[in-house]
Amino acid sequence: GNGRLIEWGEWSFFATMRPSTGLAAMDLRFRGERVAYELSLAEAAALYSGTANDQVFYLDSAYSMSQLGGDLKPGLDCPV
């Protein structure tokens with residue numbers, strides 16, 4: 001597999017961060033049976049509502065989410 005092996009209960013998968021697709025889970029399995037070969041982010045969108053002149057639409061693709069993303073801080077961004 002590519003990345004780091006994560007095992008939780010009956011689930012297992014490899015987590016990786018790639019410049020082309022960003023965060024991805026590879027070889028996702030439940031009780032040893034493959035459920036998905038790859039799950040990855042395509043894009044993220046945030047819509048902020050306001051008056052006609054200050055509505056904001058934010059769209060980001062996996063490219064900049066992975067290229068500009070920082071390391072996770074254990075205990076702050078994810079479990080220790």
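Two strands count as paired here if DSSP finds at least two bridges between them.

**View 1. The whole chain, from strands to helix.** This is a predicted model. Going from the N terminus, the elements read β-β-β-β-β-β-α, which comes to six strands and one helix. Of the 80 residues in the chain, 20% are buried. The accessible surface is about 6500 Å², and carbon and sulfur atoms account for 56% of that. As for contacts between residues at least 6 apart in sequence, 13% link residues at least 24 apart.

**View 2. The β1-β2 hairpin.** Here β1 and β2 run antiparallel, held up against each other by five bridges. Two residues sit between the strands, and in this hairpin G9 has a positive phi near 55 degrees. Look across the pair and you'll find W8 with its bridge partner in β2, W11.

**View 3. Strand β1 out in the open.** Strand β1 covers residues 4-8. Buried means under 20% relative accessible area; zero of the five residues in β1 are buried, so the strand lies largely in the open.

**View 4. W11 and the nonpolar patch.** W11 belongs to strand β2, which spans residues 11-18. Is W11 buried or exposed? Partly exposed: its relative accessible area is 33%. W11 also joins W8, F30 and V35 in a nonpolar patch on the surface. Together, these four residues W8, W11, F30 and V35 offer about 440 Å² of accessible area. So W8 and W11 turn up twice in these views, as bridge partners and as patch members.

How values were computed: Residues numbered from 1 in each chain as written. Predicted model: local features only at pLDDT ≥ 70, side-chain atom pairs only at ≥ 80, totals over all residues. Heavy atoms only, no water. Patch = residues over 30% accessible without salt bridge, like charges linked within 9 Å, V, L, I, M, F, W, Y side chains within 5 Å. Areas by Shrake-Rupley, 256 points an atom, 1.4 Å probe, with all protein chains shown as cover. Salt bridge = Lys/Arg side-chain N within 4 Å of Asp/Glu carboxyl O. Helix = DSSP H or I, 4+ residues; strand = E, 2+ residues; numbered from the N terminus. Buried < 20%, exposed > 50% of the residue type's maximum accessible area, 1.4 Å probe, protein only. Contact = heavy atoms within 4.5 Å.
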